[in-house]
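Colleague: Can you walk me through this model? I'd like to start with the cysteines.

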Amino acid sequence: MVESILIGAILATAVAWSLALALVPSGRETPGALVFPPLAVYTSLAGYAALVVGRGISDRQNYLRDLEEVARGGGIDSIEREPLFWAFLKGVSLFGDTDVHLYVGVAIVCAVAYIAALRLLMPWASVPVTFLGVLALGFFVTYSSVAIRQGLALACIVLAISLLLSGAKKSAFAALIVASLFHWSAITAAAIILIVFVTKVSYATLVKIWLISSAAAFTGIFRFLLSPLNQSIDRLGAYADPDLARSYSGGTLRVEFWLFSLGLLVAIHFFAVRGPGERGATELARYFVALNCMYLLLAHVYFSDRIAVYSWTLAPIALIPALVKGGRTLGDHLRVFATLIAILAVGFLFGPFGEILSGAT
(Lines give C-alpha, C1' and ligand atoms only; values in the text may rest on other atoms or scores of the structure.)
Protein backbone atom coordinates (compact mmCIF):
# COMPACT_ATOMS: atom_id res chain seq x y z
CA MET A 1 0.00 0.00 0.00
CA VAL A 2 2.76 2.45 0.95
CA GLU A 3 4.63 1.67 -2.25
CA SER A 4 1.56 2.21 -4.44
CA ILE A 5 0.69 5.51 -2.76
CA LEU A 6 4.25 6.76 -3.11
CA ILE A 7 4.54 5.78 -6.77
CA GLY A 8 1.13 7.33 -7.46
CA ALA A 9 2.27 10.59 -5.86
CA ILE A 10 5.45 10.51 -7.94
CA LEU A 11 3.51 10.08 -11.18
CA ALA A 12 0.99 12.78 -10.27
CA THR A 13 3.59 15.37 -9.33
CA ALA A 14 5.76 14.52 -12.31
CA VAL A 15 2.88 14.97 -14.75
CA ALA A 16 1.72 18.17 -13.02
CA TRP A 17 5.19 19.66 -13.12
CA SER A 18 5.75 18.72 -16.74
CA LEU A 19 2.47 20.48 -17.60
CA ALA A 20 3.70 23.56 -15.79
CA LEU A 21 6.97 23.46 -17.71
CA ALA A 22 5.14 23.11 -21.01
CA LEU A 23 2.47 25.74 -20.39
CA VAL A 24 4.29 28.47 -18.48
CA PRO A 25 5.74 30.97 -20.97
CA SER A 26 9.45 30.66 -21.61
CA GLY A 27 11.56 33.05 -19.59
CA ARG A 28 9.07 33.51 -16.75
CA GLU A 29 10.61 32.73 -13.37
CA THR A 30 8.91 29.96 -11.40
CA PRO A 31 8.24 30.88 -7.75
CA GLY A 32 10.44 28.84 -5.46
CA ALA A 33 7.50 27.92 -3.21
CA LEU A 34 5.88 25.96 -6.04
CA VAL A 35 8.76 23.49 -6.21
CA PHE A 36 8.45 22.39 -2.59
CA PRO A 37 5.53 19.93 -3.06
CA PRO A 38 7.19 17.87 -5.83
CA LEU A 39 10.58 18.05 -4.09
CA ALA A 40 8.97 16.88 -0.84
CA VAL A 41 7.45 13.91 -2.69
CA TYR A 42 10.74 13.04 -4.39
CA THR A 43 12.70 13.36 -1.15
CA SER A 44 10.17 11.02 0.49
CA LEU A 45 10.80 8.63 -2.39
CA ALA A 46 14.54 8.88 -1.79
CA GLY A 47 14.12 8.13 1.92
CA TYR A 48 11.79 5.20 1.41
CA ALA A 49 13.97 3.74 -1.34
CA ALA A 50 17.06 3.98 0.87
CA LEU A 51 15.18 2.07 3.55
CA VAL A 52 13.84 -0.82 1.45
CA VAL A 53 16.22 -1.26 -1.50
CA GLY A 54 19.06 -3.66 -0.86
CA ARG A 55 17.73 -5.20 2.33
CA GLY A 56 19.67 -8.35 3.10
CA ILE A 57 22.97 -7.01 1.76
CA SER A 58 25.68 -7.44 4.38
CA ASP A 59 27.00 -3.89 4.01
CA ARG A 60 23.73 -2.53 5.38
CA GLN A 61 23.98 -4.68 8.47
CA ASN A 62 27.60 -3.66 8.98
CA TYR A 63 26.70 0.02 8.86
CA LEU A 64 23.83 -0.54 11.26
CA ARG A 65 26.21 -2.21 13.71
CA ASP A 66 28.51 0.80 13.35
CA LEU A 67 25.64 3.09 14.27
CA GLU A 68 24.74 0.95 17.28
CA GLU A 69 28.38 0.99 18.42
CA VAL A 70 28.58 4.78 18.15
CA ALA A 71 25.23 5.15 19.90
CA ARG A 72 26.63 3.14 22.82
CA GLY A 73 29.37 5.75 23.18
CA GLY A 74 32.03 4.29 20.90
CA GLY A 75 34.78 6.75 20.03
CA ILE A 76 36.24 7.55 16.64
CA ASP A 77 38.45 4.44 16.84
CA SER A 78 35.53 2.13 17.63
CA ILE A 79 34.67 1.67 13.94
CA GLU A 80 37.10 1.30 11.04
CA ARG A 81 35.64 4.09 8.97
CA GLU A 82 36.57 7.56 7.78
CA PRO A 83 36.47 10.21 10.54
CA LEU A 84 33.61 12.29 9.20
CA PHE A 85 31.44 9.21 8.79
CA TRP A 86 31.89 8.52 12.49
CA ALA A 87 30.78 12.11 13.19
CA PHE A 88 27.77 11.60 10.93
CA LEU A 89 26.80 8.44 12.80
CA LYS A 90 27.21 10.34 16.06
CA GLY A 91 24.71 12.89 14.83
CA VAL A 92 22.26 10.22 13.67
CA SER A 93 22.54 8.44 17.04
CA LEU A 94 21.07 11.52 18.74
CA PHE A 95 17.78 10.62 17.07
CA GLY A 96 18.00 6.83 17.25
CA ASP A 97 19.99 3.80 16.16
CA THR A 98 17.60 1.92 13.87
CA ASP A 99 17.83 1.35 10.14
CA VAL A 100 15.12 3.97 9.65
CA HIS A 101 17.23 6.62 11.37
CA LEU A 102 20.35 5.63 9.45
CA TYR A 103 19.17 5.15 5.88
CA VAL A 104 16.41 7.73 5.79
CA GLY A 105 18.87 10.15 7.40
CA VAL A 106 21.48 9.48 4.72
CA ALA A 107 18.91 9.92 1.95
CA ILE A 108 17.62 13.22 3.34
CA VAL A 109 21.11 14.68 3.78
CA CYS A 110 22.07 13.62 0.25
CA ALA A 111 18.78 14.93 -1.19
CA VAL A 112 19.31 18.34 0.38
CA ALA A 113 22.86 18.48 -1.03
CA TYR A 114 21.68 17.51 -4.53
CA ILE A 115 18.78 19.96 -4.52
CA ALA A 116 21.09 22.76 -3.39
CA ALA A 117 23.54 21.82 -6.16
CA LEU A 118 20.80 21.79 -8.79
CA ARG A 119 19.50 25.18 -7.72
CA LEU A 120 22.98 26.64 -8.16
CA LEU A 121 23.07 25.37 -11.74
CA MET A 122 19.53 26.00 -12.97
CA PRO A 123 16.31 27.92 -12.27
CA TRP A 124 13.71 26.44 -9.92
CA ALA A 125 11.60 25.35 -12.89
CA SER A 126 14.15 22.69 -13.88
CA VAL A 127 15.02 21.43 -10.40
CA PRO A 128 12.15 18.96 -9.67
CA VAL A 129 12.33 17.12 -12.99
CA THR A 130 16.13 17.00 -12.86
CA PHE A 131 16.08 15.62 -9.31
CA LEU A 132 13.52 13.02 -10.40
CA GLY A 133 15.93 12.07 -13.19
CA VAL A 134 18.76 11.69 -10.67
CA LEU A 135 16.57 9.31 -8.65
CA ALA A 136 15.38 7.40 -11.72
CA LEU A 137 18.91 6.60 -12.84
CA GLY A 138 19.31 4.65 -9.61
CA PHE A 139 22.76 5.67 -8.40
CA PHE A 140 21.37 8.00 -5.74
CA VAL A 141 19.32 5.13 -4.30
CA THR A 142 22.16 2.60 -4.45
CA TYR A 143 24.57 4.96 -2.73
CA SER A 144 22.13 5.94 0.00
CA SER A 145 20.95 2.41 0.72
CA VAL A 146 24.08 0.26 0.45
CA ALA A 147 27.33 2.19 -0.14
CA ILE A 148 26.32 5.05 2.14
CA ARG A 149 29.79 6.40 2.94
CA GLN A 150 30.46 6.92 -0.74
CA GLY A 151 26.91 8.19 -1.21
CA LEU A 152 27.56 11.01 1.24
CA ALA A 153 30.90 11.73 -0.45
CA LEU A 154 29.25 11.71 -3.88
CA ALA A 155 26.65 14.26 -2.78
CA CYS A 156 29.44 16.53 -1.55
CA ILE A 157 31.32 16.14 -4.85
CA VAL A 158 28.23 17.14 -6.85
CA LEU A 159 27.69 20.12 -4.56
CA ALA A 160 31.36 21.11 -4.86
CA ILE A 161 31.21 21.14 -8.66
CA SER A 162 28.06 23.27 -8.57
CA LEU A 163 29.72 25.68 -6.17
CA LEU A 164 32.77 25.95 -8.44
CA LEU A 165 30.58 26.70 -11.43
CA SER A 166 28.79 29.35 -9.37
CA GLY A 167 32.02 31.05 -8.34
CA ALA A 168 31.92 30.03 -4.67
CA LYS A 169 35.46 28.67 -4.63
CA LYS A 170 36.05 28.56 -0.87
CA SER A 171 32.79 26.72 -0.23
CA ALA A 172 33.61 24.32 -3.09
CA PHE A 173 37.03 23.51 -1.64
CA ALA A 174 35.41 22.89 1.76
CA ALA A 175 32.90 20.52 0.14
CA LEU A 176 35.75 18.59 -1.54
CA ILE A 177 37.49 18.19 1.83
CA VAL A 178 34.26 17.00 3.43
CA ALA A 179 33.75 14.47 0.62
CA SER A 180 37.26 13.09 1.12
CA LEU A 181 36.58 12.64 4.84
CA PHE A 182 33.44 10.64 4.09
CA HIS A 183 35.02 8.12 1.69
CA TRP A 184 38.60 7.59 0.54
CA SER A 185 37.67 7.31 -3.15
CA ALA A 186 36.57 10.94 -3.15
CA ILE A 187 40.18 12.03 -2.65
CA THR A 188 41.03 11.12 -6.24
CA ALA A 189 37.80 12.66 -7.53
CA ALA A 190 38.55 15.87 -5.63
CA ALA A 191 42.05 15.97 -7.10
CA ILE A 192 40.69 15.57 -10.65
CA ILE A 193 38.18 18.36 -10.08
CA LEU A 194 40.85 20.70 -8.78
CA ILE A 195 43.13 19.93 -11.74
CA VAL A 196 40.33 20.71 -14.20
CA PHE A 197 39.48 23.90 -12.34
CA VAL A 198 43.05 25.18 -12.06
CA THR A 199 44.25 24.26 -15.55
CA LYS A 200 40.98 25.31 -17.23
CA VAL A 201 41.53 22.54 -19.77
CA SER A 202 38.92 22.79 -22.51
CA TYR A 203 36.03 20.41 -23.10
CA ALA A 204 37.42 19.48 -26.54
CA THR A 205 40.81 18.61 -25.07
CA LEU A 206 39.20 16.51 -22.34
CA VAL A 207 37.25 14.54 -24.94
CA LYS A 208 40.52 13.79 -26.74
CA ILE A 209 42.06 12.69 -23.44
CA TRP A 210 39.02 10.46 -22.88
CA LEU A 211 39.54 8.75 -26.24
CA ILE A 212 43.24 8.18 -25.48
CA SER A 213 42.37 6.93 -21.99
CA SER A 214 39.87 4.46 -23.46
CA ALA A 215 42.58 3.01 -25.67
CA ALA A 216 45.04 2.89 -22.77
CA ALA A 217 42.52 1.11 -20.55
CA PHE A 218 41.59 -1.63 -23.01
CA THR A 219 45.12 -2.24 -24.21
CA GLY A 220 46.31 -2.77 -20.64
CA ILE A 221 48.59 0.27 -20.48
CA PHE A 222 46.94 1.64 -17.35
CA ARG A 223 47.01 -1.78 -15.69
CA PHE A 224 50.75 -2.05 -16.38
CA LEU A 225 51.56 1.49 -15.25
CA LEU A 226 49.58 1.23 -12.03
CA SER A 227 50.57 -2.32 -11.07
CA PRO A 228 53.43 -1.13 -8.79
CA LEU A 229 50.91 0.94 -6.83
CA ASN A 230 48.92 -2.19 -5.99
CA GLN A 231 51.71 -3.13 -3.59
CA SER A 232 52.08 0.29 -1.97
CA ILE A 233 48.44 1.42 -1.77
CA ASP A 234 46.48 -1.10 0.27
CA ARG A 235 43.01 -0.11 -0.92
CA LEU A 236 43.98 -0.16 -4.60
CA GLY A 237 45.67 -3.53 -4.18
CA ALA A 238 42.61 -4.93 -2.42
CA TYR A 239 40.32 -3.92 -5.29
CA ALA A 240 42.74 -5.33 -7.88
CA ASP A 241 43.06 -8.71 -6.15
CA PRO A 242 42.17 -11.50 -8.66
CA ASP A 243 40.49 -13.43 -5.84
CA LEU A 244 37.63 -10.93 -6.07
CA ALA A 245 36.58 -12.60 -9.33
CA ARG A 246 34.69 -15.16 -7.23
CA SER A 247 32.49 -12.55 -5.58
CA TYR A 248 32.43 -9.98 -8.40
CA SER A 249 31.55 -12.06 -11.42
CA GLY A 250 31.40 -9.06 -13.76
CA GLY A 251 35.17 -8.94 -13.85
CA THR A 252 37.26 -5.94 -14.82
CA LEU A 253 37.45 -3.73 -17.92
CA ARG A 254 33.73 -4.21 -18.37
CA VAL A 255 32.68 -3.24 -21.88
CA GLU A 256 29.13 -2.38 -20.76
CA PHE A 257 30.49 0.24 -18.35
CA TRP A 258 32.49 1.82 -21.16
CA LEU A 259 29.52 1.73 -23.55
CA PHE A 260 27.32 3.32 -20.89
CA SER A 261 29.89 6.07 -20.40
CA LEU A 262 30.16 6.58 -24.16
CA GLY A 263 26.39 6.82 -24.49
CA LEU A 264 26.19 9.42 -21.74
CA LEU A 265 29.04 11.39 -23.30
CA VAL A 266 27.37 11.42 -26.71
CA ALA A 267 24.03 12.47 -25.21
CA ILE A 268 25.61 15.25 -23.16
CA HIS A 269 27.57 16.47 -26.19
CA PHE A 270 24.60 16.76 -28.54
CA PHE A 271 21.82 17.74 -26.13
CA ALA A 272 23.65 19.85 -23.53
CA VAL A 273 26.94 21.13 -24.96
CA ARG A 274 25.64 21.77 -28.47
CA GLY A 275 22.02 22.22 -27.44
CA PRO A 276 20.17 25.02 -25.61
CA GLY A 277 21.26 23.89 -22.14
CA GLU A 278 21.23 25.87 -18.93
CA ARG A 279 24.12 28.11 -17.97
CA GLY A 280 27.32 26.17 -17.41
CA ALA A 281 26.30 23.09 -19.43
CA THR A 282 29.68 22.89 -21.17
CA GLU A 283 31.50 23.50 -17.88
CA LEU A 284 29.56 20.68 -16.24
CA ALA A 285 30.38 18.46 -19.22
CA ARG A 286 34.09 19.14 -18.62
CA TYR A 287 33.86 17.65 -15.15
CA PHE A 288 31.85 14.70 -16.43
CA VAL A 289 34.52 13.84 -19.01
CA ALA A 290 37.40 14.36 -16.57
CA LEU A 291 35.84 12.18 -13.88
CA ASN A 292 35.07 9.50 -16.43
CA CYS A 293 38.74 9.54 -17.41
CA MET A 294 39.44 8.74 -13.75
CA TYR A 295 37.21 5.68 -14.13
CA LEU A 296 39.11 4.61 -17.27
CA LEU A 297 42.38 4.94 -15.36
CA LEU A 298 41.07 2.42 -12.83
CA ALA A 299 38.83 0.33 -15.09
CA HIS A 300 41.12 -2.66 -14.54
CA VAL A 301 40.17 -2.98 -10.87
CA TYR A 302 37.10 -4.69 -9.47
CA PHE A 303 34.30 -2.40 -8.38
CA SER A 304 35.35 0.14 -11.02
CA ASP A 305 31.70 1.21 -11.12
CA ARG A 306 32.33 2.74 -7.69
CA ILE A 307 34.76 5.07 -9.46
CA ALA A 308 32.63 5.62 -12.57
CA VAL A 309 29.63 6.75 -10.52
CA TYR A 310 31.33 10.08 -9.81
CA SER A 311 30.90 10.92 -13.49
CA TRP A 312 27.70 9.00 -14.21
CA THR A 313 25.77 10.91 -11.57
CA LEU A 314 26.48 14.18 -13.38
CA ALA A 315 24.81 12.98 -16.60
CA PRO A 316 21.14 13.72 -15.75
CA ILE A 317 22.17 17.03 -14.19
CA ALA A 318 23.77 18.06 -17.49
CA LEU A 319 21.14 16.57 -19.78
CA ILE A 320 17.68 17.13 -18.32
CA PRO A 321 17.72 20.95 -18.00
CA ALA A 322 18.55 21.17 -21.71
CA LEU A 323 15.65 18.87 -22.57
CA VAL A 324 13.00 20.62 -20.47
CA LYS A 325 14.01 24.16 -21.32
CA GLY A 326 10.79 26.11 -21.75
CA GLY A 327 9.19 27.28 -24.95
CA ARG A 328 5.81 27.88 -26.54
CA THR A 329 5.98 25.75 -29.66
CA LEU A 330 4.43 22.32 -30.01
CA GLY A 331 7.91 20.89 -30.35
CA ASP A 332 8.90 22.40 -27.01
CA HIS A 333 5.85 20.87 -25.32
CA LEU A 334 6.47 17.47 -26.87
CA ARG A 335 10.10 17.56 -25.78
CA VAL A 336 9.08 18.20 -22.17
CA PHE A 337 6.62 15.30 -22.15
CA ALA A 338 9.04 12.99 -23.94
CA THR A 339 11.69 13.78 -21.33
CA LEU A 340 9.25 12.98 -18.53
CA ILE A 341 8.26 9.69 -20.13
CA ALA A 342 11.91 8.76 -20.62
CA ILE A 343 12.71 9.54 -16.97
CA LEU A 344 9.81 7.46 -15.69
CA ALA A 345 10.63 4.61 -18.08
CA VAL A 346 14.23 4.50 -16.88
CA GLY A 347 13.07 4.57 -13.27
CA PHE A 348 10.60 1.72 -13.70
CA LEU A 349 12.50 -0.48 -16.17
CA PHE A 350 16.10 -0.06 -15.02
CA GLY A 351 16.03 2.10 -11.90
CA PRO A 352 14.52 1.77 -8.43
CA PHE A 353 10.88 2.72 -9.09
CA GLY A 354 9.84 -0.76 -10.20
CA GLU A 355 11.54 -2.34 -7.22
CA ILE A 356 9.76 0.02 -4.85
CA LEU A 357 6.39 -0.67 -6.49
CA SER A 358 6.85 -4.40 -6.08
CA GLY A 359 7.46 -3.91 -2.36
CA ALA A 360 11.23 -4.49 -2.16
CA THR A 361 12.35 -6.61 0.74
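Modeller: A search of the whole structure finds zero disulfides. A disulfide here is a pair of cysteine sulfur atoms within 2.5 Å. In general, a disulfide is a covalent bond between the sulfur atoms of two cysteines.

Colleague: How far from cysteine 110 is the nearest cysteine sulfur?

Modeller: That sulfur belongs to cysteine 156 and is 7.7 Å away, and cysteine 110 is in no disulfide. One caution before we go on: this is a predicted model, where local features need pLDDT of at least 70, side-chain atom pairs count only at pLDDT 80 or more, and totals for chains, interfaces and linings use all residues. Residues are numbered from 1 along each chain as its sequence is written, and side-chain values use heavy atoms, with hydrogens and water left out.

Colleague: Is cysteine 110 buried or exposed?

Modeller: Cysteine 110 counts as buried because its relative accessibility is 2%. Buried means under 20% relative accessible area, exposed means over 50%, and partly exposed is in between (1.4 Å probe, protein chains only). Cysteine 293 is buried too, with a relative accessible area of 11%.

Colleague: What does cysteine 110 help to line?

Modeller: The second largest cavity. Its lining is Cys110, Tyr114, Phe139, Phe140, Tyr143, Ser144, Gly151 and Leu154.

Colleague: What counts as a cavity?

Modeller: Take a 1 Å grid over the protein atoms alone. A cavity is a set of points where a 1.4 Å probe fits but cannot get out. A pocket is an open set with protein on both sides within 12 Å along at least five of seven lines. Lining residues have an atom within 4 Å of a point.

Colleague: How many cavities of 30 Å³ or more are there?

Modeller: Two. The second largest has a volume of about 40 Å³. A volume is the space filled by probe spheres set on the points, with grid points joined across faces, edges and corners.

Colleague: Which helix gives the largest share of that second lining?

Modeller: α7, with four residues. α5 (99-121), α7 and α8 (148-165) each supply at least two. Helices (H or I, at least four residues) and strands (E, at least two) are DSSP runs, numbered from the N terminus. By class, this lining has six nonpolar, two polar and no charged residues. Ala, Val, Leu, Ile, Met, Phe, Trp, Tyr, Cys and Pro count as nonpolar, Asp, Glu, Lys and Arg as charged, and the others, Gly among them, as polar.

Colleague: Now pockets. What is the volume of the largest pocket?

Modeller: About 600 Å³. The largest pocket is lined by 27 residues, and Gly133, Ala136, Leu137, Pro316 and Val346 lie nearest its centre. The elements giving two or more residues to that lining are α6 (127-137), α7 (139-145), α14 (255-273), α17 (314-323) and α18 (330-349). The lining has 20 nonpolar, six polar and one charged residues.

Colleague: How many residues of α6 are buried?

Modeller: Ten of its eleven, so to speak of α6 as mostly covered is fair. Among the buried ones are Phe131, Leu132, Gly133 and Leu135. Glycine 138 follows α6, and its phi is positive, near 100°.

Colleague: What does alanine 46 touch?

Modeller: Beyond its neighbours within four places in sequence, alanine 46 is in contact with Ala107, Leu135 and Phe140. Contact means heavy atoms within 4.5 Å. Alanine 46 sits in helix α2 (residues 36-52) and is buried, with a relative accessible area of 0%. Its C-alpha atom is 9.7 Å from that of proline 352, and the two are 306 residues apart along the chain.

Colleague: Switching to rings. How many aromatic pairs are there?

Modeller: 15. Rings of Phe, Tyr and Trp (its six-membered ring) pair if their centres lie within 6.5 Å; planes under 30 degrees apart count as stacked, over 60 as edge-to-face and the rest as tilted. Phenylalanine 218 and tryptophan 258 are edge-to-face, at 6.1 Å centre to centre and 85° between the planes.

Colleague: Why does that pair tie together separate parts of the sequence?

Modeller: Because phenylalanine 218 lies in helix α11 (residues 203-218) and tryptophan 258 in helix α14, parts that are 40 residues apart in sequence. Phenylalanine 218 is partly exposed, at 38% relative accessible area.

Colleague: Which rings form a cluster?

Modeller: Ring pairs link Phe139, Phe257, Phe260, Tyr295 and Trp312.
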